[in-house]
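I opened my notebook and took one protein chain to look through, a piece at a time. Here is what I looked up, in the order I went.

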Amino acid sequence: MPPGPGPGAAPRAGASVGAVAPPANAVVVLLDSLNRHLLGAYGGTEFDTPNLDRFAARATRFTRHYAGSLPCMPARHDLLCGALDFLWKPWGSVELWEDAVTVPLRAAGVTTMLVSDHPHLFETGGENFHTDFTAWQYERGHESDPWRTRPDPSWVGAPSHGRTFAYDNSRGWFRGEHDFPGPRTMRAAARWLDETAGHHDRFLLVVDEFDPHEPFDTPEAYARRYDPTWEGPHLIWPPYARAAIKQGVLSEREARQVRAQYGGKLTMIDHWFGRVLDALDRHGRWADTAVIVCTDHGHYLGEHDFFGKPPVPVHEEMGHIPLLVWWPDGVGNGGTCDALTTSVDLFATLADQFGVAGAVRQRTHGHSLVPLLEGTAGAVRDHVLTGVWGREVHYTDGTHTYARAPVEGNGPLVMLSNRWSTMPTHLLTADQALPRPDERAVLGRMPGSDIPVIRQVWDQSDPVPFWAWGGFRGHHLWNVVEDPAQEHDRAASAGGDPTAAPGPLERELTDALRAALEAVEAPPEQLARLGLA
């Protein structure tokens, strides 16, 4: 199983040969933690998503789209910088050796606009993704955003399950549905399309919407919509736990309530997403504008008894994500595309659409989706790499997913960064979240770059970044076509014996994973800790 057209190849330069001129504009709507299997367009019936379904009926629905780097900011790095992040660092900003896609777009005369309520974009660890947009608008008050210094005393609050955020100070100031950050973000995006987009020859509008990410807080009509018999404060903060019900973190009744609150948040943001679609309708933008609806990852809501984003292998609910693309005159509009794709391919697609692929200075890992959208190709890659830094590395070919765990402890661990930042947890000290470089640090290089970069290696005796915390349960292998619920683990170690010899399929996928890591020039420490050196 050779790596084939994997993530190491550079994106195409310019539009497809022989194709009509690409769309002049693009709108990208990223909805955080959007669960594919709960959307009507992907067969979900539990929650209402009429506007996402409305868009999907027009667009190409990608059926085998997978996350690359997880969670939030690493996924945005994949999208905006086009390079996998999780093999080199856990979380962080745009680095010295790379640019966001907005840099070559600005040089090419494309107006770029960001509308967002995502707090991680405006705090340490994500603070410079927005700076190269032509303009940006931040709608305040979501999750960890320190928007207010004191709470509105009229809001009673909700059980936090150990989560303490600035949201406790912000929430009470939302007087109605229109005051919540998600609705404000969608209204602002629609307003920009109404009032400003027409003044620019070419534009990219990015709507980075944090909903339906927790807190799953909504006005009462949504909060009760899928669980009308619940009594007491709504459970808007999901625990991050594996074996959540088995270990008593949640009762079965509480688990249903958490899931229902996610559903309420999903339906609410779907409603306001309709405002963006209405603006596109009003101005006839479907003729000259590509529209992409995507996400960073899913969110466990009781599947496998997981909740949140705990330290577990990336299952289908987390890593197999929705992608809907409208492409004017696209051959797949109103239908499906079964080609294997991943998040870095969206960067390559935008660079291709706007003709700036040749101006990208960093090593990228994506492949433009334009050939799929225009019908000149049936595939752009044959595998996807997925993972969270310091945890399992996943290889999928669209049929099998292989999760490779460390073989002896979890070391060595390596990080390369010149910004040395991570997600503020508001619970851990700075050194607990991300130990500082020590005397073992050296200056290294990223693949394709000659810029010196701090390179730190930790061994198993070191305190390590919290991303690498949590135990492992061996390797895992699933046929996700025959077994989408992943109930039958085919890895040799699934029987409980870590020394069991792998079978032919596992050996084949092990070799394929090794080849894929070598193709992107992953740090040798990654291969060593996974037993692939």
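**Entry 1: getting oriented**

Before counting, I settled my terms: helices are DSSP runs of H or I with at least four residues, strands are runs of E with at least two, and both are numbered from the N terminus. I also noted that this is a predicted model.

With that in hand, I counted 13 helices and 18 strands in the chain. The C-alpha atoms fill a box of roughly 60 × 60 × 50 Å along the principal axes.

What radius of gyration would a compact globule of 533 residues have? It would be near 24 Å, and the chain has 22 Å, which agrees.

**Entry 2: how far to trust it**

I checked the confidence next. The pLDDT averages 93 over the chain, and 95% of the residues score at least 70. Residues 1-19 are where I slow down, because pLDDT is the predictor's confidence in each residue, and over that stretch it is below 50. In the model, residues 1-19 still have 54 contacts beyond near neighbours in sequence.

**Entry 3: inside and outside**

I looked up burial and found that 62% of the 533 residues are buried. For contacts with a separation of 6 or more, 74% are between residues 24 or more positions apart.

On the outside, the chain exposes about 19,000 Å², and carbon and sulfur atoms supply 52% of that. I also tallied charges: 46 positive side chains and 68 negative ones, with the centres of the two sets 3 Å apart.

**Entry 4: backbone oddities**

A reminder to myself: most residues other than glycine have a negative phi, and most peptide bonds are trans. I went looking for exceptions.

Which peptide bond near Pro 71 is cis? The bond from Leu 70 to Pro 71 is, with omega near -5°. Pro 71 sits in the loop between β3 (69-70) and α2 (72-81).

Another cis bond joins Asp 211 and Pro 212, where omega is about 5°. Pro 212 belongs to the loop between β6 (203-209) and α6 (220-223).

Then I turned to phi. Ser 33 is not a glycine, yet its phi is positive, at about 60°. I found Ser 33 in the loop between β1 (25-31) and α1 (50-58). Its relative accessibility is 0%, so Ser 33 counts as buried.

Trp 420 is also no glycine and has a positive phi, about 55°. Trp 420 lies in the loop between β15 (413-416) and α11 (430-433). Is Trp 420 buried or exposed? Its relative accessible area is 15%, so Trp 420 is buried, given that the cut-off is under 20%.

**Entry 5: helix α2**

Just past the Pro 71 loop comes α2, so I stayed there a while. Why call α2 largely enclosed by the rest of the structure? Because ten of its ten residues are buried. Among them are Cys 72, Arg 76, Asp 78 and Cys 81. What do the buried residues of α2 pack against? My list reads β1, β3, β6 and α9 (344-353). Just after α2, Gly 82 takes a positive phi of about 80°.

**Entry 6: three single residues**

*Ser 93.* I found Ser 93 in the loop between α2 and α3 (102-107). Ser 93 counts as buried because its relative accessibility is 0%. Leaving aside neighbours within four places in sequence, Ser 93 has contacts that include Glu 98, Asn 128, Phe 129 and Arg 419.

*Ala 260.* This one lies in helix α7 (residues 252-282). At 4% relative accessibility, Ala 260 is buried. Its C-alpha is 7.5 Å from that of Ala 223, although the two are 37 residues apart along the chain. Beyond neighbours within four places, Ala 260 is in contact with Phe 47, Tyr 226 and Asp 227.

*Arg 225.* I placed Arg 225 in the loop between α6 and α7. With 41% relative accessibility, Arg 225 counts as partly exposed. Not counting residues up to four places away, Arg 225 touches Asp 48 and Thr 267. Where is Ser 160 from here? Ser 160 is 65 residues from Arg 225 in sequence and 21 Å away, C-alpha to C-alpha.

Technical notes: Residues are numbered from 1 along each chain as its sequence is written. Side-chain values use heavy atoms; hydrogens and water are left out. The radius of gyration is taken over C-alpha atoms; the globule rule is 2.2 Å times the number of residues to the power 0.38. Buried means under 20% relative accessible area, exposed over 50%, partly exposed in between (1.4 Å probe, protein chains only). Contact means heavy atoms within 4.5 Å. Accessible areas come from the Shrake-Rupley method with a 1.4 Å probe; for residues, only the protein chains shown count as cover. Lys and Arg count as positive and Asp and Glu as negative; His and the chain ends are not counted. The place of a charge is taken as NZ of Lys, CZ of Arg, CG of Asp or CD of Glu. pLDDT is the predictor's confidence in each residue, from 0 to 100.
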